[in-house]
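Trainee: I keep meeting terms with cut-offs behind them. Could we go through a structure and ask what earns each label?

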Amino acid sequence: LLTALAIVTVSGVISLEDAFLGFGNTTLLALGSLYVVGAALRESGALDRASQFILGNETRSIQRILLRLCPSVSAYSAFLNNTPIVAMGIPAIRSWAQKNHIPASKLLMPLSFAAILGGLCTLIGTSTNLITHGLLESHGFEGLSFFELAWVGVPCAISGLIYLVFISPKLTPARRDI
């Protein structure tokens, strides 16, 4: 993307000022800072401790594992962006599943959906929410408040989490890693 930006700037399609204007966008800065927070959690080891605390040693029932995993991931995703939550969660869940002889496939899809459901609840939960907020402000409208989406997002998240915990284990395949 930076190469394309350089090409259109050098070729005169857009001015140098317009090329750098996007880097001052508050939405872009907010997204970037959320990735930094996510990386700090991963590098500090807090993510490994959190995944061990959340997943524990419960291996008798996929539903019980999902009952611990999905609401926690949704809560994290409401206050951090859902994309880094999933990106950080995948290796932790795969490692835990391998150690406990649980098919990771039963946990990875619910991980992704739980993160999406949590992201529905707040302004910073998903990139889409932040971009919509930025577009509203750039067109002269009032932006979204932090919890404005919660009126719709929380009921959707609760019903989605119930589905993920009680229905999805019956539908997701039990594939083993190679």
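Mentor: Gladly! Let's start with accessibility: a residue is buried under 20% relative accessible area, exposed over 50%, and partly exposed in between (1.4 Å probe, protein chains only). Please keep in mind that this is a predicted model, where local features need pLDDT of at least 70, side-chain atom pairs count only at pLDDT 80 or more, and totals for chains, interfaces and linings use all residues. Residues are numbered from 1 along each chain as its sequence is written, and side-chain values use heavy atoms, with hydrogens and water left out.

Trainee: Why is His-101 called exposed?

Mentor: His-101 has a relative accessible area of 64%, and the label applies over 50%, so His-101 is exposed. His-101 lies in the loop between α6 and α7; helices (H or I, at least four residues) and strands (E, at least two) are DSSP runs, numbered from the N terminus.

Trainee: What is the phi of His-101?

Mentor: The phi is positive, about 55°, although His-101 is not a glycine. Most residues other than glycine have a negative phi.

Trainee: How confident is the predictor, going by mean pLDDT?

Mentor: pLDDT is the predictor's confidence in each residue, from 0 to 100. The mean for the protein is 85, and 92% of its residues reach 70 or more. Among the elements, helix α3 (residues 26–44) has the lowest mean, 72, and α9 the highest, 96.

Trainee: How do you know that Cys-70 is in no disulfide?

Mentor: A disulfide is a pair of cysteine sulfur atoms within 2.5 Å. By this rule the count comes to 0 disulfides. For Cys-70, the nearest cysteine sulfur belongs to Cys-121 and is 14 Å away. Cys-156 is in no disulfide either, with the sulfur of Cys-121 the nearest at 8.3 Å.

Trainee: Are those two cysteines, Cys-70 and Cys-156, buried or partly exposed?

Mentor: Cys-70 has a relative accessible area of 0%, so Cys-70 is buried. Cys-156 is at 35%, so Cys-156 counts as partly exposed.

Trainee: What makes a group of residues a nonpolar core?

Mentor: The residues must be buried Ala, Val, Leu, Ile, Met, Phe, Trp, Tyr or Cys, joined through side-chain atoms within 4.5 Å. The largest nonpolar core here has 28 residues, and Leu-69 and Leu-107 have the most contacts inside it. Helices α4 (46–55), α5 (62–79), α6 (82–99), α7 (105–119) and α9 (150–166) each supply at least two residues of this core, and α5 gives the most, with 7.

Trainee: Which residues does Leu-107 touch, leaving aside its neighbours within four places in sequence?

Mentor: Contact means heavy atoms within 4.5 Å. The partners of Leu-107 include Ile-65, Leu-66, Leu-69 and Trp-96.

Trainee: Why is the pair of Phe-79 and Phe-146 called stacked?

Mentor: Rings of Phe, Tyr and Trp (its six-membered ring) pair if their centres lie within 6.5 Å; planes under 30 degrees apart count as stacked, over 60 as edge-to-face and the rest as tilted. Phe-79 and Phe-146 are 6.1 Å centre to centre with 25° between the planes, which fits the stacked label. Phe-79 is in helix α5 and Phe-146 in the loop between α8 (127–138) and α9, 67 residues apart.

Trainee: And what makes Phe-146 and Phe-147 edge-to-face?

Mentor: Their ring centres are 4.8 Å apart and their planes are at 80°, so the pair is edge-to-face. Ring pairs link Phe-79, Phe-146 and Phe-147 into a cluster.
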